[in-house]
Amino acid sequence: MADFFSKMNADYVQKHFPDGSVFAGAMKTVKRRSLGGLIVFGLFLAAALCGLVWGIGRTLRFVSDGEDDMLSVGIVICGFFGVIVLLCLVALFFLIKGSRQKRDDYIADSAKHSKLPVSEIETFERQAAASDCYILKLTAGLDRALSNATNKDGLLTRDYIYLADPAQTVIRVDSLRACCFSDYTYHINTGNHQKKIHCLAICLIASNGVSVLSDTTEEAGQALMALLKQRNGAIDTNGGKVLPEDAFDSYKKKVLEEQQSSV
């Protein structure tokens with residue numbers, strides 16, 4: 001278990017939690033990613049604008065030269081570059097908007113996605129910096145490097161669990177109704193066809209309907225299930241079996257219905 005979980009310490013807090021805030025750390029990560037996105041889409045925008053100016057120039061030349069049969073070609077070229085410009089502007093708008101968010105915005109968003117009051121999210125933050133908080137290292141190697149989590153590690157405090165998903169979801173441990181393995185897939189191009197890649201995730205489902213997935217190794221996932229079961233014996237682990245991707249919704253519905261029937 002020590003390979004996957006370690007206790008919080010001052011060095012970790014100083015490195016990963018600016019101003020002692022989990023969400024300030026997440027905000028720093030998002031801003032760094034946003035800067036990369038701004039550069040990429042800025043370059044695309046500049047290229048698209050050049051293409052649009054060139055297309056407009058060609059279209060005007062077709063008109064002045066009386067080449068009516070080429071006019072539709074010019075309009076298509078202008079339309080293509082115009083769409084690219086519009087898409088780049090939309091992407092830049094959301095990137096700039098995201099990069100301007102403050103810590104309080106992240107806390108408010110977390111509360112919304114977690115279906116918890118802001119006061120509980122703030123309590124989670126205070127507990128995260130305490131020495132009894134577990135740092136959860138659920139992935140390793142390439143999976144860890146490619147993770148889209150705002151922090152590479154999850155956190156298990158006295159009362160809450162946080163897997164650093166993009167929605168910044170925080171769940172009360174005593175509200176957990178399931179912690180199980182789940183399969184998800186994505187496709188990659190391999191020349192003439194697409195290859196389906198299967199990935200292992202840990203799935204958490206809370207009594208308020210909130211759920212979250214996080215990449216995991218089998219060993220780390222089993223260790224997390226055991227640790228959570230010690231704190232909340234009502235957690236369903238699906239017998240340790242991997243839940244198929246297309247069975248998640250029905251499994252979640254069953255778990256929550258069983259909760260209602262037991263009340």
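1. A quick word on terms before we start: a residue is called buried under 20% relative accessible area, exposed over 50%, and partly exposed in between. By that yardstick D174 is partly exposed, because its relative accessible area is 48%. Please keep in mind that this is a predicted model, so everything below is read off predicted coordinates.

2. Let's stay with D174, since it has company. D174 makes a salt bridge to R172, with the closest N and O atoms 3.0 Å apart. R172 is partly exposed too, given its relative accessible area of 22%. R172 also pairs with E120, and there the closest N and O atoms are 2.8 Å apart. That second pair links distant parts of the chain: E120 belongs to helix 5 and R172 to strand 5, 52 residues apart. Put together, E120, R172 and D174 form one network through salt bridges that share partners. If you look at E120 by itself, its relative accessibility is 18%, so it counts as buried.

3. E120 is a good way into helix 5, which covers residues 118-128. Which residues of this helix are buried? They are E120, I121, F124, E125, Q127 and A128. These sit on the same side of helix 5, because they cover an arc of only 165° around the axis. So when you turn the model, look for one side of helix 5 that carries the buried set.

4. The salt bridge count comes to five. One of them joins the side chains of K137 and D153, at 3.3 Å from N to O. K137 lies in the loop between strand 2 (134-136) and helix 6 (141-146), while D153 lies in the loop between helix 6 and strand 3 (154-156), so the pair ties together parts that are 16 residues apart in sequence. Are the two partners buried or partly exposed? K137 counts as partly exposed, because its relative accessibility is 30%. D153 is buried, because its relative accessible area is 3%.

5. Two backbone angles deserve a look. K115 has a phi near 55°, which is a positive value in a residue other than glycine. K115 is in the loop between helix 4 (103-114) and helix 5, and it counts as exposed at 53% relative accessibility. Q168 also has a positive phi, near 60°, and again it is a residue other than glycine. You'll find Q168 in the loop between strand 4 (160-162) and strand 5 (170-172). Q168 has a relative accessibility of 4%, so it counts as buried.

6. Next, N9. This residue is placed in the loop between strand 1 (5-7) and helix 1 (10-16). Its side chain reaches the backbone nitrogen of D11 at 3.2 Å. How far apart are the C-alpha atoms of N9 and A129? They are separated by 7.8 Å, although the two residues are 120 residues apart along the chain. N9 counts as partly exposed, because its relative accessibility is 37%.

7. Now for the hairpin. Strand 7 (residues 193-206) and strand 8 (residues 211-215) pair in the antiparallel sense, over five bridges. Among the facing residues, I202 stands opposite S214 of strand 8, and A201 has D215 of strand 8 as its bridge partner. The hairpin has four residues between the strands, and in it G209 takes a positive phi near 90°.

8. Strand 8 has two faces worth telling apart. V212 and S214 make up the covered face, whereas S211, L213 and D215 make up the uncovered one. Why do the residues take turns like this? In a regular strand the side chains alternate between the two faces of the sheet. Going back to the pairing, S214, which stands opposite I202, is on the covered face, and D215, the partner of A201, is on the uncovered one.

9. Last point, the surface. L86, V90, F93 and F94 make a nonpolar surface patch of about 430 Å². One of these, F93, lies in helix 3 (residues 68-99).

Technical notes
Residues are numbered from 1 along each chain as its sequence is written. This is a predicted model: local features need pLDDT of at least 70, side-chain atom pairs count only at pLDDT 80 or more; totals for chains, interfaces and linings use all residues. Side-chain values use heavy atoms; hydrogens and water are left out. Patches are made of residues with over 30% relative accessible area and no salt bridge: like charges are joined within 9 Å, nonpolar side chains (Val, Leu, Ile, Met, Phe, Trp, Tyr) within 5 Å. Accessible areas come from the Shrake-Rupley method with a 1.4 Å probe; for residues, only the protein chains shown count as cover. A salt bridge is a side-chain nitrogen of Lys or Arg within 4 Å of a carboxyl oxygen of Asp or Glu. Two strands pair if DSSP finds at least two bridges between them. Buried means under 20% relative accessible area, exposed over 50%, partly exposed in between (1.4 Å probe, protein chains only). The arc is that of the directions from the helix axis to the C-beta atoms. A polar contact is a pair of N or O atoms within 3.5 Å; within protein, one must be able to donate a hydrogen and the other to accept it, and residues adjacent in sequence count only if both atoms are side-chain atoms.
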